[in-house]
Amino acid sequence: MNAEGSADLEQLVFTEEPEGTDEPRVHAAWLPPEAFRALGARRVLVHGQGMLVDTVLDEVSRACARYGGRVWHSPSWDVDVDVVLALRGAGELPNPAVEAARAAGEAALVEIGDGETLGDEGFLLARAGEVTVVLADAPAGLLYGLFHVVRLCAAAYDPARPPERHRPALRRRMLNHWDNVAVHPVMGQVERGYAGGSIFWRDGRPRGDLARIREYGRLLAASGVNAISVNNVNVGRTEALLLTDRLGDIAEIADVLRPYGIRVHLSVTFAAPVVLGGLSTADPMDEAVRAWWAATTRNVYERIPDFGGYVVKADSEGQPGPFTYGRDHADGANVLAEALAPHGGVVHWRAFVYNHHQDWRDRSTDRARAAYDHFTPLDGRFRANVVVQVKFGPVDFQTREPVSPVLAAMPATRLAVELQVTQEYTGQQRHVCHLGPWWGEVLRFEPWGPGGRTIADVATGVAESGGGLVAVANTGDDLFWTGHPLAQANLYTFGRLAWDPRLDPTAILDEWISLTFPPSATADPELVGRTLHEILDDSWRTYERYTAPLGVGFMVHPGDHYGPGIDGYEYTRWGTYHFADRDGVGVDRSRASGTGFAAQYPPYWAQVYESPESCPDELLLFFHHVPYEHVLHSGSTVIQHIYDTHFTGVEEVAVMRRRWQTLNGMIDPAVYERVAERLDEQVRSATEWRDQVNAYFFRKSGVPDERGRTIY
Ligand code: GCW
């Protein structure tokens, strides 16, 4: 080994910590320095060239500087190593041990991978004698391989570890930020944002904290996310300009995120040809409109060669769209797709289209039906680079709703499943509500019936033809990124599920816990790990218990959507009702006597949902209006179920708080305090939910709680 030479090189590849800014240091989330200890204490060789290889080198160098390891970049002399991270195409090194490790990796790949390549983002991890080797075909694969090694911690160096090949199941793993550039008078800087301001924008301008954006990119890459849109789908005047005059602001963000393999997308307004181009129409069939989109898009790519594409909310909640010109959504999406196609970009066209000016007296209109009614007739008409982005449920990110039937009804269209990491309806990052188990249920759902393809399969598609997974981000300029420190788990879980929607959300939760609260940095790792797991794992079901019952949804306070508002939307234009009266509650969506929504499913589920007898309890009130005395499969009546779950839910939150208190003094005091404070609020809010929901149904039904508990 050439000690002197390597010392020089180490110097060369060490980078400084990001320059200090005036902002307070932010929480390290799932990449605390401690998570890099096992790697940073070793001798690591990185081999290959490229921007993302430099990122790998930078990560490894920082870890080694901290924990006493060493790092070499494609050295031209022999060195002893513990870890090799190499591009397969990078030339031979004058190092027999390293070459032997690479050869062992290649042999393992042939054995487990049928000789397949690793692709743009995949990697192989294998043990070769004393060496852990990561091979990738492309720099992004090496970066994901590095983060995998970090996640595995000591297990990455287990001599008995069999080789593993990893490739993302989904090509696009995307976060949508609903961040406004200019502060919106009602929605603020971030629409439905519960983590402070935006990390991208402040008061009409770019925020300018590029170090923070870089740090964000790093966290996202370590979870698996590779695409991000940086402005709200509700596009205001200022935001519209990002496509043209203010493109430089987007290019700057793209430059910062590129080294982490993240492509930037932009939400655009369908009216852009009018509001930006000065044309008299945005009609997608108009030649001048098509030419405008083509020229504007060409310009975007000149500035940002790896630009991802557009995200569009059209003809929805007041946003402009093709309906104005008597055109449909395929016409609308295709004109943008045509402009993006020569550059390899995609349009994410949202299916969240419904009438938000409904008359509550009109029982024939059903918001749940809307996306299916608008979009399924268009199946097969979208260009190949259109992804129709479908909210996971037919209504709106509720705590419980059935899976959207649109996802089973457009076989000739690329479909993306849209989740909401920001907790608009699930406690707004004031409540602990770990959404992994909920998303897991959605992704495992088999819309064609037991044994058939799943929603994960739809998002994946055949030969990568699926549209992927998208989620509305929950991050902001908050010290902990997500307001509630434990809400970081939702973001992490989303990224991991987007990498592989078949992963077990419980295992992902434990992965997040041990990265974020590294056992080696905790006095009682067993207690900390177990307690966090107990608090988070079932917290979505707890939240469900003390809020709207049995899938009926939308009993939230109007406008801000926080806290109970049982009749808050009952007589409004938004199409979200529960129809409670003195005899019963729920929405009849059967084919026989209701809105017919149940019939939008393939036969198996259409039949299951059609009757209250076969409908699963948790969705009963979504599909049926039933008497309070209706007996559930659980054996309880609907009214007693409401009382019981609401009392239980609050008790469970009290237990959560007690469990958290056992961690006092064991973990970072800032995290402890922030969570403790939010748990107090959760107990208060859950109690309010319980009492209002119970009082409401007691007063409507007149049926007392059979256990005689206090109902007001
Ligand atoms: O859930 C609703 C929100 C709106 C949001 C809309 C959407 C961006 O209340 O704030 O608007 O969904 O998904 O477009």
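These legends describe close-up views of one predicted model.

The model is predicted: local features need pLDDT of at least 70, side-chain atom pairs count only at pLDDT 80 or more, and totals for chains, interfaces and linings use all residues. Residues are numbered from 1 along each chain as its sequence is written, and side-chain values use heavy atoms, with hydrogens and water left out.

**View 1. The ligand and its shell of 15 residues.** The closest residues are E191, K313, K391, D396 and E424. A residue is near the ligand if one of its heavy atoms lies within 4 Å of it. Eight residues of the shell are charged, four are nonpolar and three are polar. Here Asp, Glu, Lys and Arg count as charged; Ala, Val, Leu, Ile, Met, Phe, Trp, Tyr, Cys and Pro count as nonpolar; the others, Gly among them, count as polar.

**View 2. Side chains that meet oxygen atoms of the ligand.** In K313, a side-chain N or O atom is 2.6 Å from an oxygen atom of the ligand. For R192, a polar side-chain atom lies 2.9 Å from a ligand oxygen. For N234, the distance from a polar side-chain atom to a ligand oxygen is 3.3 Å. The protein covers 97% of the 340 Å² of accessible area that the ligand has on its own. A polar contact is a pair of N or O atoms within 3.5 Å; within protein, one must be able to donate a hydrogen and the other to accept it, and residues adjacent in sequence count only if both atoms are side-chain atoms. Accessible areas come from the Shrake-Rupley method with a 1.4 Å probe; for residues, only the protein chains shown count as cover.

**View 3. C153 and the missing disulfides.** The structure holds zero disulfides (a disulfide is a pair of cysteine sulfur atoms within 2.5 Å). The closest cysteine sulfur to that of C153 is in C64, 14 Å away, so the two are too far apart for a bond. C153 sits in the loop between α5 (139-152) and β6 (164-166). Helices (H or I, at least four residues) and strands (E, at least two) are DSSP runs, numbered from the N terminus. Phi of C153 is near 60°, a positive value in a residue other than glycine. C153 is partly exposed, at 36% relative accessibility. C615 is buried, at 1%. Buried means under 20% relative accessible area, exposed over 50%, and partly exposed in between (1.4 Å probe, protein chains only).

**View 4. Helix α13, residues 436-444, is mostly covered.** Seven of its nine residues are buried. Among them are the tryptophans W438 and W439. G436, P437, G440, V442 and L443 are buried too.

**View 5. W481, in the loop between β18 (469-472) and α15 (488-499).** Phi of W481 is near 75°, a positive value in a residue other than glycine. W481 is buried, with a relative accessible area of 2%. UniProt, in an unreviewed entry, places "domain: Glycosyl hydrolase family 67 catalytic" at residues 166-481. UniProt annotations may be inferred rather than shown by experiment; positions follow the numbering used here, and feature names are shortened. Over residues 166-481 the chain is 26% helix and 16% strand.

**View 6. D567, in the loop between α18 (539-546) and β19 (584-585).** D567 is partly exposed, at 30% relative accessibility. D567 and Y577 are 10 residues apart in sequence and 8.3 Å apart in space, C-alpha to C-alpha. For residues 482-709, UniProt's unreviewed entry lists "domain: Glycosyl hydrolase family 67 C-terminal". This stretch is 50% helix and 2% strand, with its end C-alpha atoms 37 Å apart.
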